[in-house]
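Me: I am new to this structure. Please walk me through it in short turns.

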Amino acid sequence: MTVPFIDLKPQYETIRAQCEPKLHEIAASQYFVLGPEVAAFEKEVGEYLGVKHGVGCSSGSDALLLALMALDLKPGDQVLCPSWTFFATAGAISRLGLEPVFVDIDPVTYNMCPQATEAALATCTRAKALLPVHIYGLPADVDAFLEIGKRHNLPVIEDCAQSIGAKDATGAMTGTRCTMGTWSFFPTKNLGCFGDGGLVSANDDRLGDYLRMARVHGSKQRYVHEFVGVNARLDALQAAILRIKLPLLERWHAARIANADAYDAIFRSAGGRCTSCAWDESSLQLRFPWRPAAPARAIVNQYVLRVPAAIRDEARDFMKERGVGTEIYYPIPLHLQQCWAHLGQGAGSLPETERAANETIALPIFPELGMERLRYVAQTLVQFVESKSRTFAAAR
Ligand SMILES: Cc1ncc(COP(=O)(O)O)c(C=O)c1O
């Protein structure tokens, strides 16, 4: 059996009949950038999220850039963010001449750890914002970051690139209770367009206004520029596709959650435990991902589990030989990237992040995976981990 890590084609088949005429309609209108499709999408996604301003833009990376620009920080100001995230989170910070301060993760949730954030703040001299990420669609501790932000007078931007539809501990959508939220519609996200697309969310009118201008070179009125912005507009084609997909999003979330439930059940019955359980010799050496209880919700953009570091790469090879695609999110944490070596957060400085880089594997989780392929993936991994059980007892 062959199981790709992700396959977007079956989902397209379910919406092809709606997409094709829409693409033709937009081609015929020749209205390609911003305009009515984008405005309608912004309204609809704002309602879905429960946020006042949804400002469409060109990508999740540009959404981060726009949100940070809106804070009006000075070069050298520090922004605290996780190292365990996609490059763009910290890339946007550096791009604006700001300094990322990388914070370790909570090993259970993989999200930026509030206690580690407090500890990092104690040593920062120019901390001006917090930028937690809801990694893999697992909600970070929004209340803790709001509280830390309030106490230290720091705005909080939530990187929701992977978390559209995820809910925090109060049941509110991620990206709606802090200063701003930033979103990606890259095709592999739960809500993905046909290329690059993104959004910044905010409840504050002044921020909404700023963001709408910042994405068109600081301009509200054509050829009149109030400040230096960027070109970061959302295309009408992308907005039209997103409008077709948005009403189906809850169905796709439910399918991913059902897949995650099925993986959890297979791994549990094989003797595996959740990431909230310590490693011990009596359980299968596999830790499936923690998910929060309602009203919080994880939307499982990725299903990332742990196996002992000593066998992680071999496990991937074993899966590959048996036709199963897997991924590592992320093989090199950001604090260990060459471009941030000058910050001096070298190897050993973020132990939980570094441990995650060596222990984690992402399994196929896309909504159309189906139970037969899912069982094959899970059983293949269990077979490998069981076959190695004697090795780990010695290795750990
Ligand atoms: C956490 C995170 N932040 C930001 C981004 C950037 O989004 P985009 O690829 O749309 O620029 C991504 C994309 O993978 C992401 O996962």
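Me: Which backbone nitrogen does the side chain of Q78 reach at 3.4 Å?
Reply: This is a predicted model, where local features need pLDDT of at least 70, side-chain atom pairs count only at pLDDT 80 or more, and totals for chains, interfaces and linings use all residues. Residues are numbered from 1 along each chain as its sequence is written, and side-chain values use heavy atoms, with hydrogens and water left out. At 3.4 Å, the side chain of Q78 reaches the backbone nitrogen of A127.

Me: Is Q78 buried or exposed?
Reply: Q78 lies in strand β2; strands are DSSP runs of E, at least two residues, and helices are runs of H or I, at least four, numbered from the N terminus. Buried means under 20% relative accessible area, exposed over 50%, and partly exposed in between (1.4 Å probe, protein chains only). The relative accessible area of Q78 is 7%, so Q78 is buried.

Me: Which residue in β4 stands opposite Q78?
Reply: β2 covers residues 78-82 and pairs with β4 in the parallel sense over 3 bridges. Two strands pair if DSSP finds at least two bridges between them. Opposite Q78 in β4 stands A127.

Me: In what order do the 3 strands of the open sheet stand?
Reply: The pairing in this sheet is parallel. β3 (99-103) and β4 (127-130) stand at the edges with a single partner strand each, so one side of each lacks a neighbour in the sheet. The order is β3-β2-β4.

Me: What angle does the direction of helix α4 make with that of β3?
Reply: α4 (residues 88-95) packs on the sheet and touches β2 and β3; contact means heavy atoms within 4.5 Å. Axes are lines fitted to C-alpha atoms, for helices over the stretch in contact, and angles run from 0 to 180 degrees between N-to-C directions. The angle is about 150°.

Me: Which element gives the largest share of the largest nonpolar core?
Reply: A nonpolar core is a set of buried Ala, Val, Leu, Ile, Met, Phe, Trp, Tyr and Cys residues joined through side-chain atoms within 4.5 Å. The largest one has 33 residues, and L131 is among those with the most contacts inside it. β1 (53-57), α3 (60-70), β2, α4, β7 (198-202) and α7 (205-214) each supply at least two residues. The largest share, 8 residues, comes from α3.

Me: How far apart in space are Q78 and M371?
Reply: In sequence, 293 residues separate Q78 and M371. In space, C-alpha to C-alpha, they are apart by 46 Å.

Key:
Polar contact = N/O pair within 3.5 Å; in protein donor to acceptor, adjacent residues only side chain to side chain.
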